[in-house]
Each structure stands twice: as structure tokens, then as C-alpha cells.
Number of protein chains: 2
Amino acid sequence: MAFAYLSTITLEEAVGRLRQALDHCGGEPRKEAVPVTESLGRVTAEPLYARISAPHYHACAMDGIALQASVTFGATSTTPVTVQPDEYVVVDTGDPLPNGCDAVVMIEDVVFPEGFDANDLGGCPITLYAASAPWGNVRQIGEDICAGEMLLTSGVEITPAAMGAMLAAGIAEVSVAARPRIGIIPTGDEVVPPCSDPKPGDVMEFNSTIFSGMVRSWGGEPVTYPITPDDPEAVRCALLKAVAECDAVLLNAGSSAGRDDYSAHVVAEAGELLFHGVAIKPGKPAMAGMVDGVPVIGVPGYPVSGIVVVESLLKPVIECLLGAGLDGGASVEAVLARPCTSSLKHHEYVRVRLGAVEGKFVATPLSRGAGVVTSFVKADGIMEIPQNSEGFEAGERARVRLLRPLAHIERSLVVIGSHDPLVDEVAQIMHAKWPQLSVASTHVGSMGAIVAAKRHENHCGGIHLLDEATGEYNTSYLERHFPQGGVRQVECVYRQQGLMVAPGNPLGIASLADMARKGMRYVNRQKGSGTRILSDYLCKREGVDPALIYGYDHEEFTHTAVAALVESGSADAGMGIYSAAKIYGLGFVPVCEEQYDLLIPDYAWDTPMVQALLEVLQGEEFRARIEAMGGYRVESPGTVRRHYEARRQI
Amino acid sequence: MAFAYLSTITLEEAVGRLRQALDHCGGEPRKEAVPVTESLGRVTAEPLYARISAPHYHACAMDGIALQASVTFGATSTTPVTVQPDEYVVVDTGDPLPNGCDAVVMIEDVVFPEGFDANDLGGCPITLYAASAPWGNVRQIGEDICAGEMLLTSGVEITPAAMGAMLAAGIAEVSVAARPRIGIIPTGDEVVPPCSDPKPGDVMEFNSTIFSGMVRSWGGEPVTYPITPDDPEAVRCALLKAVAECDAVLLNAGSSAGRDDYSAHVVAEAGELLFHGVAIKPGKPAMAGMVDGVPVIGVPGYPVSGIVVVESLLKPVIECLLGAGLDGGASVEAVLARPCTSSLKHHEYVRVRLGAVEGKFVATPLSRGAGVVTSFVKADGIMEIPQNSEGFEAGERARVRLLRPLAHIERSLVVIGSHDPLVDEVAQIMHAKWPQLSVASTHVGSMGAIVAAKRHENHCGGIHLLDEATGEYNTSYLERHFPQGGVRQVECVYRQQGLMVAPGNPLGIASLADMARKGMRYVNRQKGSGTRILSDYLCKREGVDPALIYGYDHEEFTHTAVAALVESGSADAGMGIYSAAKIYGLGFVPVCEEQYDLLIPDYAWDTPMVQALLEVLQGEEFRARIEAMGGYRVESPGTVRRHYEARRQI
């Protein structure tokens, strides 16, 4: 079925139409009364006025004596005043100020006559060497809250302190906006509930779980309906039921194109279609309408598109239903680590990883695939590229909306370099020991580590660069790329590289030369990775023309991705490390043991993250994990092989 | 009872001792397994590895045909390639890639022979004008997630996207840190449950509600125990019960000094006292110990001290119990609107209001009273003044830790000037109409409005400054204080000022002159307020020496605070507006009708907040509310009386 959008409008226009439609249908939040003690995080539905003052009585603020300040007037260090027992009352902190008194003198300022002490207080005259100000050391009625004062406006989220203030002001129950009920209808013939052994072609339905979580985090109550097949009548029935039960409805299409048309037609027939097609990427097929006064939003099937659409269109609807502005998200300015181009036609949302390196934020764009849900797991922020912009060059500054607390980003070790699963194990050990530290790793190969360090964009990166001339690893590359020095080469591990093949190696693959045979399919790593350099080197050594190897241009970014493809049978071999082959139970034809070092620039050396990294590498737990993974050998991980000291430029 | 601290240590030292004690007692988070669909916001207890890849099969990414890319090799716009029906398979998006195929050609790129169309697909040869790359338009196995990859380390909060990624990776159940159970024991003979009609001397127990909310917001589970009387044995029993049932315990002393000693002794006897006394303000009497491996924290009774201690000491404990770093809170640099001095002895926490004015953040310190819980309701942030610092001068820059999202602060109307309850009503109307906007008001009197505008620290402020010479309001003050112009004088209301007296005016007070009589007690407003200027003027006119009026130096900052004191009987009269007298049911001796304008600096005029303010003032709802409050008269609120245009400085 062909794919037709009625029109494509801007996001602002789309949100405006939804808001207007809601206004026309009443727009007031539903209210409910809840006990103050259970109101945390709820949104006030009405302005709240104090019923009583706090303190509700004049309270003594010190242990000591209460009196009328006027009896102390004139007292100084040279002209003390004596106060008789009938002129003062003994009080403790929190006591009501006795009648006729308007000040408290703290016990430390009371001087007793010869032969008397604090135990005689109340029964002896006392001497004061300073005058009291009226209302001194008294917490007056209303010092905190005056009866009748507005404590909170409507539309405000209730904090722990606000709960305390309400109780102090004599308020036991508060009128809050009812949690908006958001119906979620997953649709699609191929869509199945999540499981651990799906069949090929099954699309697991996890979008409703993601959307439910988003709805909950905004103070709504998600209601997920059963998966509805791709049949307009079934969708119509599900929609009408949800509209009757909820304040807003998400209609989540399957991932197949053409599907969205159903939703739009069903909505147009059951109510009014507001728009179909929004100039955002991902998320263009988004649609919305009103059915019986309830907003219905059509959400594309790919999870990443879905998240962007739910954030862009449902969040403003929930704000209307709550009568409150939700956290708009802080943002920072960041330097782009890589160019990021965009079409003029869309407002684009790009997930980025953020790192705080040398006092600036560095943004690395993540996968833009609409199906790559992990890009939202790894993302620290969202960079928006406006419509009519072609995007950003590397080094340009862009604003990034934060998805994580800034403090977490500031304490994140930025690893950019060669992939190895051991980086994840290091992250685990580090985070378990120092929960405030975390690791953000990006796999761009060994040369990528060098480029990032030159641009001051990472804290460290794995490198395993073989110098064909000397057979030595890394040293000559670092000498060449850092003629002015300023980096350290830190020992990490030795690891086994080889050809990953089907279990038992049924095709008898012994070397790269075998891959040039007719019918053989290779899967390669990306240019600039140490493993690709190794493949290229082996081709040269074995005299194989890479152009003859089918799939030599089929590039993957990680050892595990290569292993997964070999395991699936879509490639017969790929170069990779033993530990990746082991995870997938593959056959392994060893090629060499290589030296996997870490490049650590001087500017990052003294950060707590790098110091923690070194401690992890030197520890017992790292050795134990490495051994369990297999294919590694360690000598003195975490020690400096060589410091390329910074030289002043001449 | 005298107050004795065992010693006073720094906060870092205190937290260090608690962490170390926890480490000694095991330190591993308790774990529990929960379904992924119910794991939102929980913290992972173990690293999570993908069970299956996602996609778990090679999925067609387009509607079209699947084939082996090699059959298309060589196809160009001038040398098309024809593909026979047995060489391709018709596919839809999401279909598994058929056996033997390694690429998908989208339907739009397929050319049909004369007389055939898309309906014949599968039964006719087709022509292609471009070669396919192997794996083109295919979502390969593991494109998103590779089986065996680490998805999340332990100690990470689970987001909606992470829930989706787990389900996609075949994970249905996740091991998370159990919510730490935090016992809260309120103590004190004078402490009573919250109610709306407390007796004098009753201290309402709302701290446990505040602390419960804090615990919940950090992912813990609060357990509040009954109020325990001031008896060491009763406290000991309550503590032992809580220690047996919880992971950590808060022992909340009553507000009376000396009380804390009980707690410290009880803890020292039942287990080990780690410290008693921390060099922080507020919060100095804080105490902690370990009883049966469970940390016990002694929290002072005043709510503000309590909040600071729970944040400073319990939060790190919960981080240990969860194995995760909690949101450390973003911070901004702000300019101090007023000086803020501090003792060298303490690390001080000062609540501040923040406003974004002219591209900078302005911090106004709020009440530092330990009992003023509303200071935490109004606060936008916490400014820390380190030990050994004497504080900050006005105009100095300081770091402020945020308590609210920055976006909210950036969209807040900063009102600094004369107090009137109508400001709260304006805030309510504005926030209800534009939930993203809010109002932050500080009451510093009319002259305070002028000072703030001169320093570019507010967006507007109420002024009612009487020129004794002309009888005119505001104009001459603005001419004098803004000789270079740059401000607008905007009409707001006319309001009734007078003497607020006891109901029925039993003392027959007719004028300020009566207040100089023996035994009469006055309550005044602070210097710089328009109402104080009015009082001073009336004294002069009536020939009364203010020094003869008892309480003339007793200064309050708001009309309601003055009304509350008259109502309580602790003053016989105070100057204020009719609406405040009405709230408290007081008698009212009218003195004059005054003109209450708004001063709006040019730099703030075009902000959305000020434009919204003007719209509110001009609206019907404002008139209705003002009328209901009583004592006001409106003509054309929200119109400019006079624009003092900016002149270039010569």
C-alpha cells in the first residue's frame, strides 16, 4: 500500500492544534482530593491558602527566662538591671511565651546572685547586663506562615518541603490534578509480546513498556491495551474503548510502512483528524486527532521514532491535562566531535553522548537508526537540528538538551577508541566501587582514539596498531601523531585475534586467502580500526586482493557485531578477538596475539575518572574477569609503558 | 539540661565515617528480582548482558524485493540489469530476509516491463538501474544489540528506554537493589500529630512527612514509627525495633535543646556512636552511629535543620545501600542580590530564590531561621558558604545548587518590591493560564523595588511612595532615582491603608497619636517600605515622636504578618491594607487611599513574563479577584502611566 501524508506541518503547528482542540473540549484538569501525606509529586489543582499561622503561638526560641523587654531597658555591662522572681518566668525552647511577656533571655546571659545557680531559677532575683529587644528570642506567630497567605498556586508539583508547609498551615488534604489516564494501543499482525526466543519475523512489542514509563515519569497513569491486529475494524473498536476509558490515547502502529494510514483513516472516521505528518525526524508519520473530546496520537512503530513523537506530542497534552509545566530539561552547549548533517526538510533530533573533557562538553552523535533503541539508553542528550539547517560541522557548537543529570556527565570517563568487551567490564568494576563515576564508551577504532586525543575529546581510548615494518604495536603511531608529546601509552592486555568461523569450522577456513574463494562471505571491521589494519596487513602478506573477498566492504563496528553475523550464518568468517567468538560459541582460527594498550592524554591524567581507571586495571577483580572472558593475557595492566612528554612548540 | 557536643567534625569527615562503618558491615545492596515492565526508576543490582540480539533476525527495512546483491552488480542508469522472478522475493518491511538473499531493493526503485505493474510483482521480470550493496536496506542481526553485550552496569537507574532495550534483548526480569527501608522515629513530649487546631505549645509533627518524601524521591521506602516521648528507655525501645526492621534509621529529636543528648547516649549504649556535632549550619547537633550494623542518624528537631541533615547524611547512606550515585544536583553561578555573612566556624547552607534577569542569575537569600519551612518551599537553590569563609558581598558571584529545573527558573517573573497579597493572586492567574511561567516574589518594600531595578535584579516591583511635598505617588521618586530613565510606571490598583486593630476597636484607637499612649503596643513595617514611609509621615503630621511609640522598632515584612500579630493580641495596632485586616477579621481605621503602581524596567519589558503580567492585569479575572479581596479600587490596571525613556548618558 502506498504511503500518503495528508500534509506535513511543523511541530509547533502540530502542538498548537492539539492544545487548541483540548481547550475547545474544556481543558480544565480533573481534580481529586488526597491526604497531604500522600501528595508527593502530585500537581496542585487549586491555589492553597494557609488555614493557620506557623508558629501558631508565640514560641520561646531559647531555654532561659521570659519577661517584658521594658524591664530590661537601660541594662548595659556597666549598668546592670536586677529582675525580681515575679518579673520573669522560666521557659524552655518551644514553650508558649507566657502572658505579659514579650522577650526571652537565654540562660547563658542570666547572672545569678552569690550563692545561687541555675537550679534556683524562678526563686531568686537575677541580673542582666544587656537590654532585650521586644520579641527577642521569640518565634512570633506567623514567622513562617501567616494564616490566609497563599502557600502554593495551582499547577505546582508538591515537594517534601511543601508537604511539611501544608501540614504546618493546618491543611490535611489537598486538591490535586488527577493523574491523566493514557491509553496505549499496540497494533500489528507481526507484533508479539516480549519473550526470550522470538521467531524470525516476530516483532517484539516493547514500545508500550517504553511509553508507559514515559507516561509514569510525567505523572500520568498508563493503560496498555492488548495487541490489536492490522484490521481497520479491530483498530476502530480498540480505539473507541480506549477513548471511553482514558484522557488521551496513543495508537502505536506496527513497524511496516503503510500501517499509519489505517490509524489516520480510523481517527478521521471516528472523530476529527488534526494533522497527519509532522516535519520532524525521526517521527515524520506522526498523526493526531480528537475523538469524543479525547486526543488520539498516532505513533510510528520504530521505537526511536515513537519515543520522539511521544515526547513531542504527548508531553504537551499531559501538561494541559495536569495544568502544569513539566520539566523542560536543562541544556548545555557542546562541541561536536563529528560532523552531523541533516535535511533542510525536517527538524531533526539526534541522540548524542556527552563528555566533559578539559572544561568543555563534547557531543558525539549516536546511531540515527529509527530502530536502535539502545541509542536512547546510551544517550546523554538530544541535539536538535532545526528545519532549514544542514546540520553542524565537527568542532561547531550546538545546544544539547540533557537526558541525564549534568553531575553524572561531568563524572563520566569518556572512552573513545578501539572496541573490546573488557571496556564494559572495567565500567562495571569502576561504577560498583565509585557509584558517582561512570563510563561512556564509543567504538571508533584505534585511529579514532588518536584523533579524539588530538582534539581533546576523550579521556582515554584503546589502541592496538601494528607497525608492519617493526612488528611493534602503537609506539611508532604515537610518535608520528604526537610529535609534541603530551600522551601516555598505558599497558592493558594482550589478546588473541583470529578468524571467527562457524562452530567446528565446517568450511575449513585456515587464513584470509581462503576467503577469496568463490562463494565465501566475509564480514569486516570499519576502516581505522586496528582489526581492519590487521586484515589489510594479512591480505598483503598472503598476497590476496581484498577486492576478491566478497563482503570485504561489509563493515561492522564491534567484535560482537561481527561474531553475531557469523553466528547467524550470513557471513562465513570475520576477524575478531577470542572472547567475542567464545560468547557466540563460534569456531576460532588464531592469527596472532596483539598488544592492546590505552592511550591517555596528559590533559586527562589527573581526573578522578582516569585515576579510578588505573586503580581498576591494577586490581584483582579486573584480572579475574579478564580470565573468565578468555583469550587474554595480562602482565602489568595499568602501568605506563611510555610517557611521550610534552615538548614546548618551537 | 546543658548542651554538650562530644566534638564537632566536618561534613566530609562525618560522611566518611558513615561510609566506612557501612563498608565494614558488608555494604552490598540487598537485591530483588522484578519484572522489567515494573522496573522503572529502580537501580540495577548486577551488570545486565543481552540474551538475544536485536533485531534477532535479518529484517527487511523496506517494502520491495529481496535478492542477492551480486545479481545487481554492474547495474547503472545506462546499463540496467534485468532480474528474473526466480531471482527475487517480494518482501514487506519487517519480514525476515529470505534465504539466499542479502539485500533489499525498495519498491520505488523497481521498473516493470511494458504492461506490468506492482500487482504483478513476483510474477514478472523486473529491471534495476542501480546496483545494490550487500546488506543494503537490511536491518542486520545485532544492529541494535548483540547477544552477550553488556547493556547496563550495576548501579544504574532504569529509564523507559532501558526497559525497552532489556525486553528487546530477551530479558524479562531484572535484579535490582531493594528499596532501602528507612525508619523514622519522631520523639518529643510536646510533639503532636498534625491537625488544624493545635493548642499553644503543641509542636506539630510534620518532619516525618518531609523526610518520608525525601526518602521516596531517592528510591527508598520510609517507615514512620509512632511519636516517642522524651524518655531514654522509650527511645531505646523504639530504636531497637526500628533497627531490627530497617536498613537505616532517623531519630528525630524534638525542637528543644538538650534533647539530642538523649539520642546520642541511647545510640552509644545500644551500639557505637560515630560522631555528635557536625560543622554545618543549620544542622550542627547532627549525630550518627551504628547499631547492629544499621546506621542511625540523629536529626535536629527544627525542620530546616532536619532537611539539611537528612540531605547531607542520609542521602550518602542511601547511595551506599542502593550502590548508585543519586542526582547530585546541577548548579549555576549567580550574583548575590544582598550581602550574606556567615560564621567561620560552619559550612553554611543558605536557601536562595533565583531569578534569570538580563542573562544572569540573581540569588536572593531567604530567611535563615531554622524553623522556617516555607524557605524550602520558596527556595530555588541552596548556596553553600564554606567553613572559613565570612560569606559574600552583594554583587559577588556564588555557586548555587538547584532545587528546581533550570527551565522553570528561567521562566519565572522576578517580583521584588512592596508586599501586597494581590501579587500571589496574579501568580495564580498567570500560572493557570501559562503553566510554564511562574512568579517568584520577595517582599522588600517600595524602595527595595527601586534598588533592585537599578541593579538589574528584578522584572518588576510594587511601589507606593508618597511624596510629602506634592501628595503625589511614585513619580518624583522615579525621576530622582532614574535620572537616565529606562523604567516604566505601570498602573496597578488603589488600595485602602489604615490602622489594623482588634475587632470592634476596643481601645478606641483613632490615629497614630493614640499609639504613643502608655501601655499601647504598635507593630511596624520595615524601613524602606511604602507603609513605613506612610507611618513616618503620619507621625510627623500628627506631631508624634516615634521613639514614644512602644514597638515602633518591631518590624515585619508583610501586611499579613502585621495582621497576624494584631490578631494574636501581641500588638494593639499596626499599619496595613484593608485586605490583610479582612483575612484576620480585624477592625480597621482607614487612613488614606494610596496608589500602588508597578515599576517595570525597560530591560525586562519584552520578556514573556512581563508581557503575561500585563495581560493578567488587564483581564477580567484580576478585577474579580481584587474585588473579592476588598479594599481595592481599579481603574486601568496594566497600562503605562509614564515611560521614563532612557537617555544616553552624556
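**Group meeting: rings, bridges and a two-chain interface**

Okay, let's start with the rings: over all chains, this structure holds 6 aromatic pairs. Keep in mind that we're looking at a predicted model.

Let me pick one of those pairs. B:Y522 and B:Y552 are stacked, with 5.7 Å from centre to centre and 15 degrees between their planes. Where do these two sit in chain B? B:Y522 is in strand β32, residues 522-525, while B:Y552 is in the loop between α12 (530-542) and β33 (555-556). Those parts are 30 residues apart in sequence, so the pair ties them together.

Next up, charges. The count is 68 salt bridges over all chains. One you can find on screen is A:K241 with A:E245, whose closest N and O atoms are 3.0 Å apart. Both of these residues belong to helix α4 of chain A, residues 232-245, and they're 4 residues apart, about one turn of the helix.

Now, how many salt bridges run between chain A and chain B? The count there is 0. Polar contacts are another story: 30 residue pairs are in polar contact between chain A and chain B, counting pairs where both are at pLDDT 80 or more.

So which elements of chain A do the touching? Those giving two or more residues to the side that touches chain B are β10 (150-152), α2 (160-168), β14 (203-204), α3 (207-217), α7 (374-378), α8 (406-410), α9 (422-433) and α14 (559-568). Of these, α2(A) gives the most, with 8 residues. If you sort that side of chain A by class, you get 55 nonpolar, 35 polar and 14 charged residues.

As for the extent of the interface, 104 residues of chain A are in contact with 104 residues of chain B. Together the two chains bury about 7900 Å² between them, and 63% of that is on carbon and sulfur atoms. Here's a bit I like: 100% of chain A's interface residues are also interface residues in chain B, so the copies meet through the same surface.

Last, the symmetry. In general, two copies of a chain are related by a rotation about an axis and a shift along it. Here, chain A superposes on chain B after a rotation of 180 degrees with 0.0 Å of shift along the axis, and the RMSD is 0.1 Å. That's the relation of a two-fold axis. And if you want to look for the axis yourselves, go to A:A330: its C-alpha is the one in chain A nearest the axis, 4.6 Å from it.

Conventions
Residues are numbered from 1 along each chain as its sequence is written. Chains are lettered from A and ligands numbered from 1 in the order in which they are written. This is a predicted model: local features need pLDDT of at least 70, side-chain atom pairs count only at pLDDT 80 or more; totals for chains, interfaces and linings use all residues. Side-chain values use heavy atoms; hydrogens and water are left out. Copies are superposed by least squares on the C-alpha atoms of residues with pLDDT of at least 70 in both. Contact means heavy atoms within 4.5 Å. Buried area is the accessible area (1.4 Å probe) that two parts lose on being put together, summed over both. A salt bridge is a side-chain nitrogen of Lys or Arg within 4 Å of a carboxyl oxygen of Asp or Glu. A polar contact is a pair of N or O atoms within 3.5 Å; within protein, one must be able to donate a hydrogen and the other to accept it, and residues adjacent in sequence count only if both atoms are side-chain atoms. Ala, Val, Leu, Ile, Met, Phe, Trp, Tyr, Cys and Pro count as nonpolar, Asp, Glu, Lys and Arg as charged, and the others, Gly among them, as polar. Rings of Phe, Tyr and Trp (its six-membered ring) pair if their centres lie within 6.5 Å; planes under 30 degrees apart count as stacked, over 60 as edge-to-face and the rest as tilted.
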